[in-house]
Amino acid sequence: MVLWGVLVLLVTIVVVLFHAPVELVSVVGVLCLLGVGATGFLLTQRAYVVRLGQDGYNVRFVRGAGVKQARWLDVEDVVTTTVAGARCVVLRLRDGRTTTIPVDVLAGDREEFVRTLQRLLDGGHGLRRL
């Protein structure tokens, strides 16, 4: 957003110094507003809190999550708990470290997240559900 604002400022300075048409500032302002919207859209589409894959998981934007990424083979088990009043899923690793994921920050269905997590963990350990 700062870059878009700097662009508007620079165009305003050019208009004042070189007596360019004032409409130029309006046009650039509207284009910058569209640019801010497009930038916000692109950033929100790429942002994620938890990414679950076949090999492991990756956690971002969660302060105090603990281990931010690990392979499923490193995960011993998954438990649910409450931390500071927030419902969380805790992935306990074989070496004693943990990853804590508050499920209230997830965009999707919490129950589906836990089922997907369990399925991927079982698959990572070579287990299949009957």
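This is a short chat about a sheet and a loop residue in a predicted model.

Reader: Hi! In what order do the three strands of the open sheet sit?

Author: Hello! The order is 4-5-6, and the pairing is antiparallel. Strand 4 (75–83) and strand 6 (98–102) are the edge strands, each pairing on one side only.

Reader: And how much are neighbouring strands turned against each other?

Author: By 20° on average, with direction ignored.

Reader: Nice. How many bridges join strand 4 to strand 5?

Author: Eight bridges join those two antiparallel strands. One pair to look at is Thr-82, whose bridge partner in strand 5 is Arg-87. The two strands form a hairpin with two residues between them, and Ala-84 in that turn has a positive phi of about 55°.

Reader: What about strand 5 and strand 6, how many bridges there?

Author: Five bridges, again in the antiparallel sense, with strand 5 covering residues 86–93. Val-90 has Thr-100 as its bridge partner in strand 6, and Arg-92 stands opposite Thr-98 in strand 6. This hairpin has four residues between its strands, and Gly-96 in the turn shows a positive phi of about 95°.

Reader: Switching topic: where does Ala-47 lie?

Author: Ala-47 is in the loop between helix 2 (23–46) and strand 1 (50–52).

Reader: Why does Ala-47 count as partly exposed?

Author: Because its relative accessible area is 39%, and partly exposed covers values between the 20% limit for buried and the 50% limit for exposed.

Reader: Which residues is Ala-47 in contact with, leaving aside neighbours within four places in sequence?

Author: Arg-60 and Phe-61. As for Ala-70, its C-alpha is 19 Å from that of Ala-47, with 23 residues separating them in sequence.

Note on methods
Residues numbered from 1 in each chain as written. Predicted model: local features only at pLDDT ≥ 70, side-chain atom pairs only at ≥ 80, totals over all residues. Heavy atoms only, no water. Pairing = 2+ DSSP bridges. Axes fitted to C-alpha atoms, helices over the stretch in contact; angles between N-to-C directions. Buried < 20%, exposed > 50% of the residue type's maximum accessible area, 1.4 Å probe, protein only. Contact = heavy atoms within 4.5 Å.
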